[in-house]
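Biologist: I'd love a close look at one part of this model, its nonpolar interior. Could you walk me through it once we both have it on screen?

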Amino acid sequence: QVQLVESGGGLVQAGGSLRLSCAASGRTFSSYVMGWFRQAPEKEREIVAGISWSGEMTYYADSIKGRFTISRDNAKNTVFLQMNSLKPEDTAVYYCAAANRWTISSFDYWGQGTQVTVSS
């Protein structure tokens, strides 16, 4: 089992940047595929990005391609989401998630989330 704690959210103006972090503890971090999801008010949760065990494979939702970058540091048990050129529609609670297999939809463990608010 793994425990996930997100950080780095906040309020930023449109066009700005934020870097989210997700610190993992518990079972070996490198044995998990990691993902970032988001949920805006009155909308369903959606995948933002995913990264494989060693970072050799990544997935990005079309809505954030070219603006967000997912990365991981297995030595520090941390996955990151660098968000650039933020838009008001990126406002949401962002969640970190872990899975035991490659997936973009079915994750096993979840963090509590961090709020990202982008003002226009």
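To set the scene, what percentage of the 120 residues in the protein is buried? And which residues touch the most other members of the largest nonpolar core?

Modeller: Happy to! This is a predicted model, in which local features need pLDDT of at least 70 and side-chain atom pairs count only at pLDDT 80 or more, while totals for chains, interfaces and linings use all residues. Numbering runs from 1 along each chain as its sequence is written, and side-chain values use heavy atoms, with hydrogens and water left out.

Buried residues make up 43% of the 120; buried means under 20% relative accessible area, exposed over 50% and partly exposed in between, with a 1.4 Å probe and protein chains only. The framework around them has 11 strands and zero helices, where strands are DSSP runs of E with at least two residues, helices are runs of H or I with at least four, and both are numbered from the N terminus.

Now to the interior. A nonpolar core is a set of buried Ala, Val, Leu, Ile, Met, Phe, Trp, Tyr and Cys residues joined through side-chain atoms within 4.5 Å. The largest one has 30 residues, and Met34, Trp36, Val79, Leu81, Met83 and Tyr94 touch the most other members. Many parts of the chain feed this core: strands 1 (2–7), 3 (18–26), 4 (33–39), 5 (46–51), 7 (68–73), 8 (78–83), 9 (92–99) and 11 (114–119) each supply at least two of its residues.

Met83 is a good place to zoom in. Leaving aside residues up to four places away in sequence, Met83 touches Gly16, Ser17, Leu18, Leu20, Arg67, Phe68, Tyr94 and Val116. A contact here means heavy atoms within 4.5 Å. Across the protein, 56% of the contacts with a separation of 6 or more join residues 24 or more positions apart.

The loops make a nice contrast. Glu42, in the loop between strand 4 and strand 5, counts as exposed because its relative accessibility is 86%. Its phi is positive, near 65 degrees, although Glu42 is not glycine. Between strand 7 and strand 8 sits Asn77, also with a positive phi, about 55 degrees. At 30% relative accessibility, Asn77 counts as partly exposed. For background, most residues other than glycine have a negative phi.
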